[in-house]
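Q: Please take a close look at the salt bridges of this structure, and set them beside its helices and cores.

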Amino acid sequence: MSRKTFIKGTLILTLAGVLTKIFGFGYRIFLSRSIGAAGMGLYQLIMPVTAVCYAIGIAGPEVCVSRFGAAYTASGEHMRARHTAIFCFGISMILCIVCTVLSYMGADIIADYIFHNPLVSPLIRISVFSVPFACVHCLVCAYYIGKERTVIPAVSQVFEQAVRLMAVYIVVQIAYSEGREITAAIGAIGLVCGEIAAALLCATIILIGRRKDIRAAG
């Protein structure tokens, strides 16, 4: 990696990190005002569940894609980098789906015996659907970071936070207009919507890049 590429990548990721924190800050402020302190407490309880799912299904493959992708790209072995990413993605997706299914089916047990709060159960069932989409998002970002293309990971991170905030805002406005109670479930819905949007963006970028490669080869 050249010094220019390193500096450019650092600046892009730093800017994305700042924007992501700003969106996240606004998201939490709006969410806390909408669902109150008790709702925020419930919402915070689901974070360890999704964090464990991410750790099991995503953390290891993500590091492998980024590290080996960077090594293969540096040596000019682009096909090996791609094959490694596909292999790691397959393993990660299987683990993520297993974690999602087990968490969904065991939501009542987790809520009753770990958190001692049955109200957490429906939030777990909603939030775990973000895990497979987070797999797509994180591994695509890791792949492009390995290829020293930091713009795509940066844009996807900001996009995910923006969609999450927008989704929660829309759901709250709909609930207000219909006179429905606003619960902590909207936080879980926002989480899922953000990851779905980021995964779709990343998948679209991959498909576009693949088509360009096919045209170039043809």
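A: What follows takes the salt bridges one by one and then turns to a helix and the cores.

This is a predicted model, in which local features need pLDDT of at least 70 and side-chain atom pairs count only at pLDDT 80 or more, while totals for chains, interfaces and linings use all residues. Residues are numbered from 1 along each chain as its sequence is written, and side-chain values use heavy atoms, with hydrogens and water left out.

The structure holds 4 salt bridges, each being a side-chain nitrogen of Lys or Arg within 4 Å of a carboxyl oxygen of Asp or Glu. One of them joins Arg125 to Asp108, with the closest N and O atoms 3.2 Å apart. This pair links distant parts of the chain, since Arg125 belongs to helix H5 and Asp108 to helix H4, 17 residues apart; helices here are DSSP runs (H or I, at least four residues) numbered from the N terminus. Arg125 counts as partly exposed at 23% relative accessibility, and Asp108 counts as partly exposed at 38%, where buried means under 20% relative accessible area, exposed over 50% and partly exposed in between (1.4 Å probe, protein chains only).

Another salt bridge brings together the side chains of Glu160 and Arg164, at 2.7 Å from N to O. Both residues lie in helix H7 (residues 151–178), 4 residues apart, about one turn of the helix. An α-helix has 3.6 residues a turn, so residues three or four places apart point the same way. Glu160 counts as buried at 5% relative accessibility, and Arg164 counts as buried at 11%.

Arg180 also forms a salt bridge, with Glu178, the closest N and O atoms being 2.9 Å apart. Here Arg180 is exposed, with a relative accessible area of 57%, whereas Glu178 is partly exposed at 45%.

Turning to helix H3, its buried residues include Ala85, Cys88 and Cys96, and what covers the buried residues of H3 includes helices H2, H4, H5 and H6.

The largest nonpolar core, a set of buried Ala, Val, Leu, Ile, Met, Phe, Trp, Tyr and Cys residues joined through side-chain atoms within 4.5 Å, has 24 residues, and Leu31, Ile35 and Ile124 are among those with the most contacts inside it. Helices H1, H4, H5, H7 and H8 each supply at least two residues of this core, and the largest share, 6 residues, comes from H1. A second, separate core of 21 residues includes Ile58, Ala85, Cys88 and Val131.

Note on methods
Contact means heavy atoms within 4.5 Å.
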